[in-house]
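Please look through the sequence and the model below before reading on. The report that follows takes up a few helices and two single residues in turn.

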Amino acid sequence: MTQGGKKKKRAANRSIMLAKKIIIKDGGTPQGIGSPSVYHAVIVIFLEFFAWGLLTAPTLVVLHETFPKHTFLMNGLIQGVKGLLSFLSAPLIGALSDVWGRKSFLLLTVFFTCAPIPLMKISPWWYFAVISVSGVFAVTFSVVFAYVADITQEHERSMAYGLVSATFAASLVTSPAIGAYLGRVYGDSLVVVLATAIALLDICFILVAVPESLPEKMRPASWGAPISWEQADPFASLKKVGQDSIVLLICITVFLSYLPEAGQYSSFFLYLRQIMGFSSESVAAFIAVLGILSIIAQTIVLSLLMRSIGNKNTILLGLGFQILQLAWYGFGSEPWMMWAAGAVAAMSSITFPAVSALVSRTADADQQGVVQGMITGIRGLCNGLGPALYGFIFYIFHVELNELPMPESPSGGSVVTQYHLQQNSIIPGPPFLFGACSVLLALLVALFIPEHTNLTVRSSNWKKHCGSHGHPHSPQAPGEAKEPLLQDTNV
């Protein structure tokens, strides 16, 4: 792209943003409180995931009570179906929100994502069935990022996206501990009622307070014609993976390292509760500590490492920590080992932001979106495959319980006896060892990624359907923030 073409593109973007601001100022948006802002999006995200975070401990108990003989297998299937449906539906919902507006899809995704909550006490079977099917709408982050892109300029989006992701992390750091405490003191029924009330509050907030970010005058005149079905294709980004050898190496590294990470997210807290004998409070404390350490690792530590040892070496270091963490989880047989491995897990969280930084530094300005779109697509696919794979490995190695967790001791911790050690005394967690082997392959592949190169992926077809609306299923423009490290499907 010539220098003159880039200037014209920037001028066009500024004109579109100015038109949006004029329309909003003239009252072209539907009802809501104030003008559309990042804070509207932040509140929506916080309330939704705070409600789900409250149910962390009750869900683990209900899951084991409902599927006592195949707990891990069913958990993997439920989360796997949810992840795959999310991956398949996310681009289509993003494309439709460009035509019908963001507010209606915020309402739709939050409503259907939170619909299973009251079913936990009504019918556990329906609860888990609706959770898996709700994956079709479990893309609130996607619509929220589209909302933010509508109301911010390019140079503002990194900070805005970071605020949304930090809000997500903050809700999950606090809510599991609150839910575990309330469940222990007042019973799980109160926790379910409270989570349902918070979900309803979120829905009411969207209906009453959230203004539409995509003004009527900025929307296409026709509903059907503007939707690009190539843009709605979830596999569109994956089809371009083989067009450049360096891109192929990066994508293989992401796939091999994120596949076990996605599986671990879906089953690890259940593993702590049922196999390692953690109490509900201990699981909540583990989530809080791990979340805080991960935030520190992804900010302060990552910045220091990038400056001192370089981008590629930071990726290799993160993969090395991930191998150590997974191996420790796999062979660990005592609670203190889980806590130690959790500290290592926080350090392994630097891998993906380092990969994103490598892409942003080495890809040409007009190639950024294409490569980031590929990585986003691969991570979305892993969110479906990883949980199902982990559940299947737990199943074939017979890692199950035939009884409920042991009663808690007066000190607050579980009475850990031989009931969780007799089944797999040598390898308590086989899926984690499989994950360590997968990340080892990722490390070997990453060794061949050059530190400095130019990524040249053909993106002309991609750009045709990107449009002027920057939602996260369109490839991101240069300088725009990358996909958030925490996603809906991991909850």
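How many of the twelve residues of helix 8 are buried? The model is a predicted one, and in it helix 8 is mostly covered, with twelve of its twelve residues buried. The buried residues of this helix include Phe 141, Tyr 147 and Asp 150, and they also include Thr 140 and Ile 151.

Helix 14 can be described in a similar way, since its buried residues are Met 337, Met 338, Ala 341, Gly 342, Val 344, Ala 345, Ala 346, Met 347 and Ser 348. For both helices the span expected at 1.5 Å a residue can be set beside the distance between the end C-alpha atoms, as the table shows.

| Helix | Residues | Expected span | End C-alpha atoms apart |
|---|---|---|---|
| Helix 8 | 140–151 | 16 Å | 17 Å |
| Helix 14 | 335–348 | 20 Å | 20 Å |

In helix 8 the two values agree, and in helix 14 they agree as well.

Two packed helices are described by the angle between their axes and the distance between the axes. Helix 12, which covers residues 280–308, packs against helix 14 at an angle of about 35 degrees, and their axes are 7 Å apart. The crossing of helix 12 with helix 14 is right-handed. On the side of helix 12 the contact is made by residues including Phe 286, Leu 290, Leu 293 and Leu 305, while on the side of helix 14 Met 338, Trp 339, Gly 342 and Ala 346 are among those taking part. Sorted by kind, the residues of this contact comprise 14 nonpolar, three polar and no charged. Of the helix 14 residues in the contact, Met 338, Gly 342 and Ala 346 are also among the buried residues of that helix.

Two single residues complete the picture. Ile 33 lies in the loop between helix 1 (3–25) and helix 2 (38–54), and Ile 33 is exposed, with a relative accessible area of 53%, a value over the 50% cut-off. Leaving aside residues up to four places away in sequence, Ile 33 touches His 40, Val 208, Ala 209 and Pro 211. The C-alpha atoms of Ile 33 and Val 210 are 6.3 Å apart in space, although 177 residues separate the two in sequence.

Is His 64, a residue of helix 3 (residues 56–66), buried or exposed? His 64 is buried because its relative accessible area is 2%, which is under the 20% cut-off. The side chain of His 64 makes a polar contact with the side chain of Thr 71, at 3.1 Å. Along the chain His 64 and Arg 273 are 209 residues apart, and their C-alpha atoms are separated by 9.9 Å.

Note on methods: Residues are numbered from 1 along each chain as its sequence is written. This is a predicted model: local features need pLDDT of at least 70, side-chain atom pairs count only at pLDDT 80 or more; totals for chains, interfaces and linings use all residues. Side-chain values use heavy atoms; hydrogens and water are left out. Helices (H or I, at least four residues) and strands (E, at least two) are DSSP runs, numbered from the N terminus. Buried means under 20% relative accessible area, exposed over 50%, partly exposed in between (1.4 Å probe, protein chains only). Contact means heavy atoms within 4.5 Å. A polar contact is a pair of N or O atoms within 3.5 Å; within protein, one must be able to donate a hydrogen and the other to accept it, and residues adjacent in sequence count only if both atoms are side-chain atoms. Axes are lines fitted to C-alpha atoms, for helices over the stretch in contact, and angles run from 0 to 180 degrees between N-to-C directions. A crossing is left-handed if the near helix is turned anticlockwise from the far one by less than a right angle, and right-handed if clockwise. Ala, Val, Leu, Ile, Met, Phe, Trp, Tyr, Cys and Pro count as nonpolar, Asp, Glu, Lys and Arg as charged, and the others, Gly among them, as polar. The expected span of a helix is 1.5 Å times one less than its number of residues.
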